[in-house]
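Please walk through this structure with the model open beside the text. The route starts at the cysteines and then widens to the rest of the chain.

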Amino acid sequence: MKERDSHYIQRCIELSAQSIDKGDAPFGSIVVKDDEVISESSNFAARRISDHAEVVALHLAHEKLGHSNLKGATLYSNCEPCPMCSFMAREYKVSRVVYAIHSPFMGGHSKWNIMQDKELQHFPPFFDTIPEVIGGLHEKEAKNVFERSGLWMFGKDSRSEFERKVRGES
């Protein structure tokens, strides 16, 4: 784990806790390019369903830079981006995606392979090459925030937890 990745994921976890404090779901995201934070956001989906932290951070980066080409940028998130957020990351052409907690039910990398879909890169100028994806950084700390919110379906062990619930085990 790169030290800067660790630092930015910790900030995403802080943003996710702030989301809970303001009555929203526990998500936080940052866009970084050339070691500069371009934008950051907590979640605003309680206000508008599509305002996931990643989407808002990507839009804010676009506004700040004046364009939508985020090649060379990293999208950080406390949670694996969902399909919508993953698709947006691909359209914004981010080069790296780094997240803390896995999302085996909704993940745009592990459940639906949007992040690594090779065919998308054959549609320039809308998409670019496949981003590097790193998951599982500080997952335990990120999961602690999710547990505060009551959302149990996130984390690499959540699939096993779900199967136990289906079988009627506690």
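## Cysteines without a bond

The closest cysteine sulfur to that of Cys79 belongs to Cys82 and is 8.8 Å away, too far for a bond. The model is a predicted one. A disulfide needs two cysteine sulfur atoms within 2.5 Å. Cys82 has a cysteine sulfur at 3.7 Å, that of Cys85, and Cys82 is in no disulfide either. The count for the structure is 0 disulfides. Cys79 is buried, because its relative accessibility is 0%. Cys82 also counts as buried, with a relative accessibility of 16%.

## The overall layout

Now step back to the whole chain. The protein has 5 helices and 5 strands. Read from the N terminus, their order is α-β-β-α-β-α-β-β-α-α.

How does the radius of gyration compare with that of a compact globule? For 170 residues, such a globule would have a radius near 15 Å; the protein has 15 Å, so the two agree. Along the principal axes, the C-alpha atoms fill a box of roughly 50 × 35 × 35 Å. Of the 170 residues, 46% are buried.

The contacts tell about chain distance. Take those with a separation of 6 or more: 60% of them join residues 24 or more positions apart. The exposed area of the protein is about 8500 Å². Carbon and sulfur atoms supply 53% of that area.

## Helix 2 and its cover

Turn next to helix 2, residues 53-65. Its 13 residues should span 18 Å at 1.5 Å a residue. The end C-alpha atoms are 18 Å apart, so the span agrees with the expected value.

Which residues of helix 2 are buried? They are Ala53, Glu54, Val55, Val56, Ala57, Leu58 and Ala61. In an α-helix there are 3.6 residues a turn, so residues three or four places apart point the same way. The cover over the buried residues of helix 2 includes strand 1, strand 2 (36-42), strand 3 (73-79) and helix 3 (83-91).

Glu63 belongs to helix 2 as well. Glu63 is exposed, because its relative accessible area is 61%. The C-alpha atom of Glu63 is 9.5 Å from that of Ser39, a residue 24 positions away along the chain. After helix 2 comes Gly66, with a positive phi near 85°.

## Two serines in the strands

Strand 1 covers residues 28-33 and contains Ser29. Is Ser29 buried or exposed? Ser29 is buried, because its relative accessible area is 0%. A polar atom of the Ser29 side chain lies 2.7 Å from the backbone oxygen of Tyr76.

The contacts of Ser29, beyond neighbours within four places in sequence, include Ala53, Glu54 and Ala57. Leu75, Tyr76 and Ser77 are also among them. So are Cys12, Leu15, Ser39, Glu40 and Ser41.

Ser41 sits in strand 2. Ser41 counts as buried, because its relative accessibility is 4%. With neighbours within four places left aside, Ser41 contacts Leu15, Phe27, Gly28, Ser29, Ala53, Val56 and Ala57. Among those, Ala53, Val56 and Ala57 are buried residues of helix 2.

## Backbone exceptions

Some backbone geometry also deserves a look. Most residues other than glycine have a negative phi, and most peptide bonds are trans.

Asp34 is not a glycine, yet its phi is positive, about 50°. Asp34 lies in the loop between strand 1 and strand 2. Asp34 is exposed, because its relative accessibility is 69%.

His138, again not a glycine, has a positive phi of about 55°. The loop that holds His138 runs between strand 5 and helix 4 (139-149). His138 is buried, because its relative accessible area is 16%.

Which peptide bond is cis? The one from Pro124 to Pro125 is cis, with omega near 5°. Pro125 is in the loop between strand 4 (96-101) and strand 5 (132-135).

Note on methods
Residues numbered from 1 in each chain as written. Predicted model: local features only at pLDDT ≥ 70, side-chain atom pairs only at ≥ 80, totals over all residues. Heavy atoms only, no water. Helix = DSSP H or I, 4+ residues; strand = E, 2+ residues; numbered from the N terminus. Buried < 20%, exposed > 50% of the residue type's maximum accessible area, 1.4 Å probe, protein only. Polar contact = N/O pair within 3.5 Å; in protein donor to acceptor, adjacent residues only side chain to side chain. Contact = heavy atoms within 4.5 Å. Expected span 1.5 Å × (residues − 1). Rg over C-alpha atoms; globule rule 2.2 N^0.38 Å. Areas by Shrake-Rupley, 256 points an atom, 1.4 Å probe, with all protein chains shown as cover.
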